[in-house]
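Reader: I am new to this structure and would like a close look at a single part of it, namely the metal sites. Please take me through them slowly and in a connected way.

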Amino acid sequence: MKALVWHGTADVRYDTVPDPEIEQPRDAIVKVTSCAICGSDLHLYDHFMPGMEKGDILGHEFMGEVVDVGAEAKSALKVGDRVVVPFTIWCGECDQCRRGNYSVCERSNRNKAMADKLFGHTTAGLFGYTHLTGGYAGGQAEYVRVPFADRTHVKIPDGLTDEQVLFLGDIFPTGWQAAAQCDIQPTDTVAIWGCGPVGQMTIRSAILLGAKQVIAIDRVPERLSMAKAGGAITINFEEESVVERLNELTGGKGPEKCIDAVGMEAHATATLDSMYDRAKQALALESDRAHVLREMMYVCRPAGTLSIPGVYGGLIDKVPFGMSMNKGLTWRMGQTHVNRWTDDLLRRIQEGQIDPSFVITHSVGLADGPGMYQTFRDKRDGCIKVVLKP
Ligand SMILES: [Zn+2]
Ligand SMILES: [Zn+2]
């Protein structure tokens, strides 16, 4: 079959690879009908995340049709079912899965020992996202093996297009969780750093959850207009001071809820801290750029909440922890517990409360994937979200 394969920094190729097969009784094989490039794939493309190997198949946002089912997954799935596959693989049986904490499933990471050592405890297996999270082949491919498939799926009813439901596998529940874990009140101002695909889903989620005002921060004009169309007040950080504008919009009090939809590769105008981060990251003395985190901690209203869906990889420097402690800030973060949210979100799509396909700017064949990685990374051609068709 054909798949998008990682070969090194900024080197993704459309290769021929062996077809996947059932390996475990709870597996299923899905023929991919649509997949997407996620913002967090760019951390792999730029090689900021450790644990990638030459030959790894990328992709963790995909859907398709079940074409083969292992013996123990037959009670939940049959050939012909149409499914979205969540990027967090969950077993449904471990202590964390029973609590609904699917992204920290204790059993789905087959390289558990590696993650135990690095993080103190393992996190869930993820598709196409480094050997630290299991080294599973991803879904930017014609076919994919889904482990623990009897749990790790969202069944799609008839009458919905791929484009309407594809993002249930990642960016929609990711944006939703980021907003939901802020416990948004009708009096709250929610500020969101980053208007990439996850940021866009976060904006719409915060509005659906009833925030008083939602403020979106970015520097790319197309992303800012999409944010505005979704109901946000926008700030272009290259044109105005984020802190001053946020204070202005909140009567000097600061936003109650601050969401980092940027993560480890933060951009900023030439501030002292961002130059420090870039230098240290280039020398491999620091893994992540923490500019957004510092700005959120500074501007957030005391007793407020910081929510972090943006992906970080390792160590960050010069984080003003005393500021956070003394202001009494609550930190909520993590990979998305996808299936915790998908029943509710699928219902909201069916009821027409939201159509996540608004975010798609590019739809191309899988063979065009390598070029689209570059276009998406460089934010050229108005590119906000790419869908690929195998
Ligand atoms: Zn993702
Ligand atoms: Zn589990």
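Author: Around the zinc ion (ligand 2), the four donor atoms subtend angles of 105 to 116°, which makes the arrangement tetrahedral, a label given to four donors if all angles lie between 85 and 135 degrees. For comparison, the ideal angle at a metal with four tetrahedral donors is 109.5 degrees. This is a predicted model, in which local features need pLDDT of at least 70 and side-chain atom pairs count only at pLDDT 80 or more, while totals for chains, interfaces and linings use all residues. Residues are numbered from 1 along each chain as its sequence is written, chains are lettered from A and ligands numbered from 1 in the order in which they are written, and side-chain values use heavy atoms, with hydrogens and water left out.

The atoms that coordinate the zinc ion (ligand 2) are the SG atoms of Cys 91, Cys 94, Cys 97 and Cys 105, at 2.3 to 2.4 Å; donors here are N, O and S atoms within 2.8 Å of the metal (3.2 Å for Na, K and Ca), and since water is not among the atoms, sites may look incomplete. Along the chain, the donors of this ion follow the spacing C-x2-C-x2-C-x7-C. The pair Cys 91 and Cys 105 links distant parts of the chain, 14 residues apart: Cys 91 lies in the loop between strand S7 (88-89) and helix H2 (95-98), and Cys 105 in the loop between H2 and helix H3 (112-119). Helices (H or I, at least four residues) and strands (E, at least two) are DSSP runs, numbered from the N terminus. Both Cys 91 and Cys 105 are buried, where buried means under 20% relative accessible area, exposed over 50%, and partly exposed in between (1.4 Å probe, protein chains only).

The zinc ion (ligand 1) has as its protein donors Cys 38 (SG), His 60 (NE2) and Asp 170 (OD), which lie 1.8 to 2.2 Å from it. In sequence, these donor residues are spaced C-x21-H-x109-D. Here the pair His 60 and Asp 170 links distant parts of the chain, 110 residues apart, with His 60 in the loop between strand S4 (56-57) and strand S5 (62-69), and Asp 170 in the loop between helix H4 (162-165) and helix H5 (171-180). His 60 counts as buried because its relative accessibility is 2%, and Asp 170 likewise counts as buried, at 3% relative accessibility.

Terms used. Four donors count as tetrahedral if all angles lie between 85 and 135 degrees; four count as square planar and six as octahedral if opposite donors are over 155 degrees apart and all others between 65 and 115; anything else is irregular.
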